[in-house]
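Hi,

Here is the structure I promised to send over. Please have a look at it first, and then read my notes underneath.

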Protein chains: 2
Amino acid sequence: MERNNGNLIAFRPDIKVVDCTLRDGGLVNNFNFSDEFVKDLYRTNIKAGVDYMEFGYKASKEIFNKEDYGKWKFCEEEDIRAVVGNNDFDLKIAVMADVGRTDFKNDIMKKEDSVIDMVRTATYIHQIPAAIEMIQDAHNKGYETTVNIMAISKVREDELTKGLEILAECDVDAIYLVDSFGAFYPEQMRRLTDMYMEVAEKHGKKIGIHAHNNQQLAFANTIEAVTKGASYLDATVSGMGRGAGNCYMESLLAFLRNPRYNLVPVMDFVQKYILAEKEKGSIWGYDIPYLLTGVLNCHPSSAIRFTGDRRTDYSRFYQELLDHME
Amino acid sequence: MERNNGNLIAFRPDIKVVDCTLRDGGLVNNFNFSDEFVKDLYRTNIKAGVDYMEFGYKASKEIFNKEDYGKWKFCEEEDIRAVVGNNDFDLKIAVMADVGRTDFKNDIMKKEDSVIDMVRTATYIHQIPAAIEMIQDAHNKGYETTVNIMAISKVREDELTKGLEILAECDVDAIYLVDSFGAFYPEQMRRLTDMYMEVAEKHGKKIGIHAHNNQQLAFANTIEAVTKGASYLDATVSGMGRGAGNCYMESLLAFLRNPRYNLVPVMDFVQKYILAEKEKGSIWGYDIPYLLTGVLNCHPSSAIRFTGDRRTDYSRFYQELLDHME
């Protein structure tokens, strides 16, 4: 089925921009953001017209030691409220919950008691039944919900179709197309968005896109997905995120034609915080090792080690990757 | 007209990879490459299976002082031969000649006396008659020829169509779609490639693509153009080129499925030379100021000054650009 739900001039009121800087960026610096960084990012997102700000993970304190991470790994209600108060703005608050790593029954309170608006569940294909339990729990507590199916570049298409169908039958609001390994080309992204949209439209769901920049395609893949009908768009300031990082918020806001989005506060935030974050030693962004894991469709962890070790022997690393291919 | 001349698996024997590192990269360091850099790049391109290596410009010594630039601004026959000898390899040698800035009648000798294989003419739309004179001169002297129409994101479509038609009637081998300002999105690139291909196929010409990375779309736009039938693909090592730079050779070779291309020597070259080139102070690559000139469809010169001055007041720069829009 051919779709073209957007073009360069089209106004798309269904678009929602989701800032994931604290969540995906937290994977770069172990969630060690200063309070000033977080407060200013919140104000920046309000001024920029961003629709959702993801504060981090709702990770289980049974599984993870609180001392080992910054507070945005856990997103306690009082920590969010210390930044947003009652959040008397249009910007909505989101958190992510990983299947199997969240004590959601205890840690996610009823919406009426929380300043959080949206719970985003992240799942692998084989965990979808567990994901649905979490989604229904959040939905019943009164939250908006989305779901990320991760690592689909390793999933057979018939399995993916079945997974999508099952998810679309639950009370989730949006299903995300996620390119965990930065492995997809725009041509594939268009085809996959068509496939996701077909299921979504049948069940009245929205589609989201979460891209990684291993091949410098995160922005390209995001806007191609938009053209095919995706409406929840994940981005991070200067692409801050694990490994090669994500779609740049700057590029995305400059692309979107809706006047409610404003690039200027984001550029000011980059000037004030992101340049300093890089000087502090946080490493992310396109580089050859991430290109290689992207092209070979494998997890970026080995590339993150490679850049962390300040290695530059790219060819040897490539050989190591080939030696360890499944 | 809908075309799909390639997909991710397709084998495209018509593809030609053109390395422009010395030419577009020379705009970054005033063509001051060490002899070792150039010799090793030549060996790298041979081992990588690259089809053409562009050595630089054939600039007029009447207009430009030889003392003000490195030698690859002028590409004297003896300087090229000092690197390639008689070039007894499949790699072909190219040079670029700008309309109005080349003393082509004197400086471009007969092909039988030269180790150069291809003369690439660069022209603005209003210079096309002068470009055709240069193309015919090079063709009659025995060279392969290509032509770049620059800055087309500022050209009206009816004018562009007329320009393409006139060029396609001369003896040029390939016409390049050039995104001088990094202003185009993939959707536009597909449409433009269709438009160029329609003229090209009528006249038996090939289409090339030369992209800039202002919006981190140089690689994406290049592979989208490939899918629509473009076959001459410009890239530079690590994207080295003016301002935001170009399509990364690493990404392009990793993408192409033809086994004659080999990524490994290019990665070794990056390790040995490109990291050092950056440490020497050469600045290129995606950054906010280039994003802004790309989105606003203007020449990157002001952004190059901004980054050269180590400014980071992006919002002020944005305002300056808006104040100076035509």
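Below is what I found, going from the whole assembly down to single helix pairs.

One thing to keep in mind throughout is that this is a predicted model.

**How the two chains are related**

Let me start with the symmetry. A turn of 180° with a shift of 0.0 Å along the axis lays chain B on chain A, and the RMSD is 0.0 Å. That is the relation of a two-fold axis. The interface fits this picture: 100% of the interface residues of chain B are also interface residues in chain A, so the copies meet through the same surface.

**The contact between the chains**

Chain A and chain B put 30 residues each into the contact. Which helices of chain B build its side? At least two residues each come from α7 (186–203), α8 (218–227), α9 (249–255), α10 (264–279), α11 (288–295) and α13 (314–323). The largest share belongs to α10(B), with six residues. Sorted by class, the side of chain B that touches chain A holds 17 nonpolar, eight polar and five charged residues.

**Two domains in chain A**

Chain A is split into domain 1, covering 16–279, and domain 2, covering 288–323. Their C-alpha centres are 25 Å apart. Where the two domains of chain A touch, 10 residues of domain 1 are in contact with 11 residues of domain 2. The domain 1 side of that contact has three nonpolar, five polar and two charged residues.

**Three helix pairs worth a look**

You may like to bring these up on screen one by one.

The first stop is α11(B) with α13(B), both of which also supply residues to the side of chain B that touches chain A. Their axes come within 10 Å and cross at roughly 25°. That angle is under 35 degrees, which makes α11(B) roughly parallel to α13(B). The crossing of this pair is right-handed. From α11(B), the residues Ile288(B), Pro289(B), Leu292(B) and Thr293(B) meet Tyr314(B), Phe317(B), Tyr318(B) and Leu321(B) of α13(B). Seven of the residues in this contact are nonpolar and one is polar, with no charged residues.

Next comes α2(B), residues 35–48, which packs on α10(B) at an angle of about 160°, with the axes 9 Å apart. The two helices are therefore roughly antiparallel to each other, and α2(B) passes α10(B) in a left-handed crossing. On the α2(B) side you will find Phe37(B), Asp40(B), Leu41(B), Thr44(B), Lys47(B) and Ala48(B), which meet Pro265(B), Val266(B), Phe269(B), Lys272(B) and Tyr273(B) of α10(B). This contact has seven nonpolar, one polar and three charged residues.

The last pair is in chain A, where α6 (residues 157–168) packs against α7 (residues 186–203) at about 25°, their axes being 10 Å apart. That makes α6(A) roughly parallel to α7(A), and the crossing is right-handed. Leu164(A), Glu165(A) and Ala168(A) in α6(A) meet Tyr196(A), Val199(A), Ala200(A), Lys202(A) and His203(A) in α7(A). By class, that contact has five nonpolar, one polar and two charged residues.

If you only have time for one view, I would suggest looking along the two-fold axis, with α10(B) picked out for its six residues in the contact with chain A.

Best wishes

Note on methods: Residues numbered from 1 in each chain as written. Chains lettered and ligands numbered in written order. Predicted model: local features only at pLDDT ≥ 70, side-chain atom pairs only at ≥ 80, totals over all residues. Least-squares fit on C-alpha atoms with pLDDT ≥ 70 in both. Contact = placed C-beta atoms within 7 Å. Domains from an automatic or database assignment. Nonpolar A, V, L, I, M, F, W, Y, C, P; charged D, E, K, R; others polar. Helix = DSSP H or I, 4+ residues; strand = E, 2+ residues; numbered from the N terminus. Axes fitted to C-alpha atoms, helices over the stretch in contact; angles between N-to-C directions. Parallel < 35°, antiparallel > 145°, perpendicular 65-115°, else oblique. Left-handed = near helix turned anticlockwise from the far one by under 90°.
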